[in-house]
Amino acid sequence: MSESATVVIEPVPSAPSVAKASGSMAIATIVSRVSGLLSKLMLIAIIGSDVLNDSYQAATTLPTMINELLLGGVLTSVAIPLLVRAEKEDADGGESYAQWLVTMSIVLLGVGTAIAVACAPLLTSALTSGSEDANPALVTAFAYLVLPGIIFYGLSALIGAILNTKNVFGLPTWAPVLNNLVVIVTLAVYWVMPGEISLDPVEMGNAKLLVLGIGTMLGVALQALVLLPAMKRTGFKFKWRWGWDSRLADFGTLGFWVMLYVGLGLLSMFVLTRVALNGEGALVAYNYQWLVSQMPYGVLGVSLLTALMPKMSRAAAAKDVDGLVGDLSFGNRMSSIMLMPFSAMLTVAGLSIGIGVFSLGASGLAGGTRIGMALALSAFGLVPYAITLLQLRVFYAMKDARTPTLIQAIIVVVRIGLLYAFLAISPPEKLAVGVSIAMSLSFVVGAVVGQVWLRIRLGRLRTGFTLWTVCLTVVASAIGCAVAMGVSLLVVELLGLEAPVPVAWVEIIVQTVIGLPLSFGLLAVFRVPEMKPAIDKIIRLVRRR
């Protein structure tokens with residue numbers, strides 16, 4: 001990389017507050033999650049929850065897995081800390097360094113995409129071997145169509161990271177909405193088209209198969225391409241960079257450990273997919289309960305983490321340990337406050353959500369019940385999941401990718417052991433529950449290990465303060481959801497409802513409308529400090545009226 005090049009760029013906007021950045025992203029994320037849920041509802045209603053959906057779900061996991069293994073995990077984990085340092089150290093504000101990252105990413109992702117498409121039969125054979133319920137030929141057909149999305153997944157992650165370092169958070173969060181809209185249109189076209197996808201034999205030229213596969217891939221492509229105008233507006237000018245400087249060794253070292261981290265995660269997901277394919281609709285049930293459980297995290301947790309990451313990276317670069325610990329403690333407490341009420345609500349209303357939302361069309365009551373049970377019995381992992389990801393980002397902010405990989409190894413060993421244990425003891429119709437519980441338990445282990453490791457690394461972490469906040473959120477959430485569950489049972493009895501779907505919807509509405517506000521209200525009554533800004537804002541709004 002040329003050190004002598006002088007690039008004139010526009011000033012980076014001043015950094016917004018964490019609360020303001022998180023709030024703006026939350027709105028976009030809500031729309032993204034709702035539109036994503038709508039696309040999944042259409043998918044399960046139109047094609048059901050049996051072998052066709054299982055095959056589609058298995059194939060669409062391949063591009064995300066391979067992207068993460070190639071570069072996606074590196075970009076989402078270490079790109080922001082390195083870009084922040086380059087922005088601070090370079091005369092050109094880190095633009096040449098960012099250009100090198102884009103160049104390297106395009107080449108690596110392009111080559112990886114070509115190899116993956118060529119090896120699609122081998123990939124699907126490895127994924128489905130040992131399962132009597134899978135349809136390898138159908139998974140392979142879908143894989144040929146969706147694997148080109150690998151390069152777009154990677155570029156979306158990199159461009160989003162560059163925009164975040166320039167304090168542009170909104171558009172990267174809105175981009176997935178376009179992806180979801182494309183998938184919704186694709187499913188609508190698929191639905192009105194005559195004929196069916198042939199399962200035996202599988203016909204690669206089948207019109208409905210082509211529409212579903214190509215439409216899915218185009219959604220991912222547009223998600224990446226829509227970010228390019230925003231890059232231009234920040235003043236970033238792309239040019240190919242093939243040079244070298246000493247900091248690229250940092251990227252290589254960090255990248256090696258992150259790729260190993262990602263490889264371990266993909267190994268666990270590979271094992272999870274193979275295990276789930278042994279159960280009746282287990283992979284579909286797991287994916288859909290994961291989708292629902294991730295909605296509150298995607299709206300609140302991801303927004304918080306995305307806003308905190310540049311802040312933690314700057315604190316680490318300045319060797320401000322107190323500031324870094326403060327950000328970690330704040331993130332842990334806010335994760336608990338924002339997500340614990342949702343975790344409790346999903347636990348008590350999970351079965352109702354499965355029956356009321358996912359029993360549509362071809363899925364039926366059995367499919368909805370599988371999803372609901374898996375959701376209810378694994379929702380306890382939501383807060384540990386958020387805390388674990390935050391802890392790992394602290395290590396990355398300190399340019400330490402080795403420790404997260406070691407923590408990941410512990411999580412994966414626990415997860416794989418639990419997956420095979422549930423495979424051995426669970427009947428096929430209950431395997432979805434076992435797979436979901438195994439995932440949640442592994443995050444509990446990860447949160448504990450991560451906190452201990454950070455205590456050794458950074459010293460006192462204000463853990464007592466964090467635990468007290470967690471305890472308050474548990475008590476408030478338990479009381480709120482218990483009251484809501486009691487009221488919902490009373491309402492169902494008063495209305496005289498017996499049919500499963502109407503009963504489920506009444507329970508969902510009552511438990512959501514009563515349980516969540518009551519839980520957050522109790523947190524305010526308990527005087528949890530982090531609730532004060534929200535309370536003050538509500539008071540100001542009331543006074544204006």
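**Aromatic rings and their neighbours**

Reply: To start with a charge and a ring, in this predicted model the charged end of Arg-415 lies over the ring of Phe-443, at 5.1 Å from the ring's centre.

Me: And which ring does the charged end of Lys-208 sit over?

Reply: That would be the ring of Tyr-190, with the charged end of Lys-208 placed 4.2 Å from its centre.

Me: Back to Phe-443, which aromatic cluster is it part of?

Reply: Phe-443 belongs to one aromatic cluster together with Tyr-286, Trp-290, Tyr-297 and Tyr-385.

Me: OK, switching to pairs, how many aromatic pairs are there?

Reply: The count comes to 8 aromatic pairs. One of them joins Tyr-56 and Phe-142, whose rings are 5.5 Å apart centre to centre, with 80 degrees between the planes, an edge-to-face arrangement.

Me: Where do those two sit in the chain?

Reply: Tyr-56 is in helix H2, which covers residues 51–89, while Phe-142 is in helix H5, residues 136–146, and the pair links distant parts of the chain, 86 residues apart.

Me: Are they buried or exposed?

Reply: Tyr-56 is buried, and Phe-142 is buried as well.

Me: What about Tyr-297 and Tyr-385, why is that pair edge-to-face?

Reply: Their ring centres are 5.0 Å apart and their planes stand at 75 degrees, so the pair counts as edge-to-face, because the cut-off for that class is over 60 degrees.

Me: And which parts does it tie together?

Reply: Tyr-297 lies in helix H11 (residues 282–317) and Tyr-385 in helix H14 (residues 382–397), so the pair connects parts 88 residues apart in sequence. Tyr-297 and Tyr-385 are both buried.

Notes
Residues are numbered from 1 along each chain as its sequence is written. This is a predicted model: local features need pLDDT of at least 70, side-chain atom pairs count only at pLDDT 80 or more; totals for chains, interfaces and linings use all residues. Side-chain values use heavy atoms; hydrogens and water are left out. Rings of Phe, Tyr and Trp (its six-membered ring) pair if their centres lie within 6.5 Å; planes under 30 degrees apart count as stacked, over 60 as edge-to-face and the rest as tilted. Helices (H or I, at least four residues) and strands (E, at least two) are DSSP runs, numbered from the N terminus. Buried means under 20% relative accessible area, exposed over 50%, partly exposed in between (1.4 Å probe, protein chains only). A charge sits over a ring if NZ of Lys or CZ of Arg is within 6 Å of the ring centre and within 35 degrees of the ring normal.
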